[in-house]
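Biologist: I would like to go through this model with you, one question at a time. Where should we begin?

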Amino acid sequence: MEYTELADYPLPAGRLTEWVPRVDDDRWVPDPRGLSFTHQDHCERSAPGSWIGTVFEIHRRYDVEAVRATIIAYMGRHEAFRTKVRRDEESGSWLRYTAPTDAVHVLDRAHTETRTETQVFKHLHSWFGETVSPTAWPHFILATVEPDDAFRALSDGPGESFLLAFAADHSVMDAYSQIYAINEIDRLYAQALEGVDPELPEVGSYVDFSQSERALGNTLDSNHSAVRTWQDFLAVENGRFPGFPLPVAVDRPATDAPAAQSSISSWLLTSDQSDAFNSACRAAGYNMQAGILAALALTNTRLSGRTSLRTVMPMHTRDEQKWAASVGWYVGILPMEIQLGDARTFGEALESAAAAGTANKGLARMPYSKIAQILESTEIPRFVVSYIDLRFLPDAAQWQARKGRALRSNCHADDEVYFWVNRTLEGLNISARFPSSDVASTNVHRFITEFVSVLTAVIDSDTAADTVLTSLSHSVAVAAE
């Protein structure tokens with residue numbers, strides 16, 4: 001499973017249909033449940049054209065009414081899709097409105113002419129970017145593509161299949177939601193088309209979770225330990241979030257808008273190599289997340305000479321079973337500082353990384369957007385590292401055959417670097433976005449190359465924990481601004 005932009009996905013040529021949810025005006029009901037602080041902050045700061053989504057193949061016969069029934073059933077299961085917000089002009093507060101399950105109907109807009117791969121991409125890229133918004137409903141739209149005969153003849157897929165792609169606003173969806181959707185939508189389609197029991201679990205409502213998160217956030221004040229921890233973390237860089245450890249910033253006139261960021265997706269390790277690296281971590285008494293963080297910290301030391309790696313790490317907040325498969329934005333962030341000190345071996349780095357990972361673990365549940373309000377900070381993260389193990393999600397073994405991929409829209413920023421490291425049944429993948437400049441591209445690619453060398457050094461060593469990995473790699477030079 002890769003996490004990339006739509007431009008990197010091999011879309012088929014074929015017949016395109018847009019699917020647009022609708023709710024009649026009189027079915028929207030005022031809802032007293034508050035927005036999560038993350039949702040509110042997103043509504044106030046989100047850039048136009050920002051969305052996340054998923055694309056995959058459904059290996060069954062295409063049927064218009066079955067697609068419609070599937071979308072209605074999917075939105076019926078998840079209340080996040082059936083809620084909208086608007087800002088009260090007088091008070092400035094955000095008001096929520098929610099529609100019942102039976103209020104949703106779905107319009108199909110079929111394009112009669114066959115479109116080329118490029119035309120399919122251009123249409124979806126434009127439509128998704130112009131339509132999806134945190135303050136406009138629907139904040140979830142879909143498209144299907146029935147491949148033409150020429151494309152189908154060249155592909156190695158089943159005889160009967162079609163592609164489904166959707167875009168959603170981040171306020172109602174996170175990475176787990178994006179990936180769970182493949183299994184859930186496919187099963188709901190099988191039910192609509194063939195009457196197959198989807199065997200899906202009951203799910204809680206993200207709107208209820210948002211209300212509980214808001215109540216939790218309202219208990220925070222300047223004396224709370226979570227607020228003080230974040231204050232101390234940000235104070236190291238004069239109130240700013242830590243940046244990528246190598247030069248990436250782009251110099252441009254203050255009047256110019258940030259450029260669109262570059263994006264890559266790369267497979268770091270095979271499945272067997274991932275298992276071997278995990279075994280090395282387990283043998284030392286730690287999990288693979290600690291191993292990934294340790295390897296990143298060692299990479300930083302080898303390239304920058306610094307013994308401290310500072311970053312921000314997203315963590316899911318699905319702390320009850322009812323949230324496990326629920327669609328919503330169940331994500332908090334942790335301040336992460338890995339102090340290697342005098343550590344020289346992978347085992348010593350593991351110990352430091354594990355300590356950093358557990359030091360502030362409880363902070364993920366504390367809404368950072370509320371903490372930022374208390375600290376009067378408008379800063380946003382600049383260097384973010386995410387690690388997710390996706391091997392055990394439903395139907396994960398079928399993602400490769402279904403050509404499933406999580407999507408994100410293009411981002412504009414001059415100094416942000418994001419790493420998404422995902423362990424799947426196929427191996428270890430990294431997706432990254434970073435500033436579009438020669439210096440940023442050089443340093444991000446070199447960081448990832450050195451990261452792989454650390455991972456493989458552990459795998460190839462007979463005594464992984466004792467492997468000395470802090471020496472500078474002379475083969476890798478650091479590009480400067």
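Modeller: With how the elements are named: helices are DSSP runs of H or I with at least four residues, strands are runs of E with at least two, and both are numbered from the N terminus. The model is predicted.

Biologist: In which loop does P138 lie, the residue that W137 joins through a cis peptide bond?

Modeller: Most peptide bonds are trans. The bond from W137 to P138 is cis, its omega being near 5°. As for its place in the chain, P138 belongs to the loop between α3 (117–131) and β8 (140–147).

Biologist: Strand β8 also holds L142. Is L142 buried or exposed?

Modeller: Leaving out residues up to four places away in sequence, L142 touches T17, E18, W19, I71, W127, L164, A165 and F166. Its C-alpha atom is separated by 6.8 Å from that of V20, although the two are 122 residues apart along the chain. The cut-off for buried is under 20% relative accessible area. L142 has a relative accessibility of 2%, so it counts as buried.

Biologist: What is the phi of E199?

Modeller: E199 is found in the loop between α5 (175–194) and α6 (206–217). Its relative accessibility is 63%, so E199 counts as exposed. Most residues other than glycine have a negative phi. For E199, phi is positive, near 50°.

Biologist: And how exposed is E376, as relative accessibility?

Modeller: E376 sits in the loop between α11 (368–375) and β13 (383–389). Its phi is positive too, near 55°, and the residue is not a glycine. E376 counts as exposed because its relative accessibility is 74%.

Biologist: Which helix gives the most to the largest nonpolar core?

Modeller: That core has 124 residues, and I292 and F419 touch the most other members. The greatest contribution, ten residues, comes from residues 288–304, which is helix α9.

Biologist: Which residues are in contact with I292, leaving aside its neighbours within four places in sequence?

Modeller: I292 is one of the two residues that touch the most other members of the largest core. With those neighbours left aside, its contacts are F277, Y387, V421, L428, F451 and L455.

Biologist: How many residues are in the second core?

Modeller: This core is separate from the largest one. Among its members are L6, Y9, L124 and L407, and its size is 19 residues.

Biologist: How far apart are the end C-alpha atoms of helix α8?

Modeller: Helix α8 covers residues 271–283, which is 13 residues. At 1.5 Å a residue the expected span is 18 Å. The computed distance agrees, at 18 Å.

Biologist: What arc do the buried residues of α8 cover around the axis?

Modeller: The buried residues of α8 are S274, F277, N278, A280 and C281. They lie on the same side of α8, because the arc they cover is only 155°.

Biologist: Which residues of α8 are exposed on the other side?

Modeller: The buried residues of α8 are covered by elements that include β10 (262–270), α9, α10 (346–359), β15 (417–424), β16 (427–434) and α12 (438–460). On the other side of α8, the exposed residues are D272, R282 and A283.

Biologist: After α8 comes G285. What is its phi?

Modeller: G285 is a glycine that follows α8. Its phi is positive, near 95°.

Biologist: How many residues apart in sequence are the parts tied together by R87 and E44?

Modeller: Side chains of opposite charge can pair when their charged atoms come close. R87 and E44 form a salt bridge in which the closest N and O atoms are 3.3 Å apart. R87 is in strand β5 (residues 83–87) and E44 in helix α1 (residues 37–45), so the separation of the parts in residues is 43.

Biologist: Is R310, which meets E237 in a salt bridge, buried or exposed?

Modeller: The N to O distance between R310 and E237 is 2.9 Å. R310 lies in strand β11 (residues 308–316) and E237 in the loop between α7 (225–235) and β10, so the pair ties together parts that are 73 residues apart in sequence. E237 counts as partly exposed, at 26% relative accessibility. R310 is at 11%, so it counts as buried.

Biologist: How many salt bridges are there by this rule?

Modeller: One of them joins K322 and E320, with the closest N and O atoms 3.9 Å apart. Through shared partners, E237, R240, R310, E337, E379, R382 and D415 form one network. The count of salt bridges comes to 32.

How values were computed:
Residues numbered from 1 in each chain as written. Predicted model: local features only at pLDDT ≥ 70, side-chain atom pairs only at ≥ 80, totals over all residues. Heavy atoms only, no water. Buried < 20%, exposed > 50% of the residue type's maximum accessible area, 1.4 Å probe, protein only. Core = buried A, V, L, I, M, F, W, Y, C linked by side-chain atoms within 4.5 Å. Contact = heavy atoms within 4.5 Å. Expected span 1.5 Å × (residues − 1). Arc of directions from axis to C-beta. Salt bridge = Lys/Arg side-chain N within 4 Å of Asp/Glu carboxyl O.
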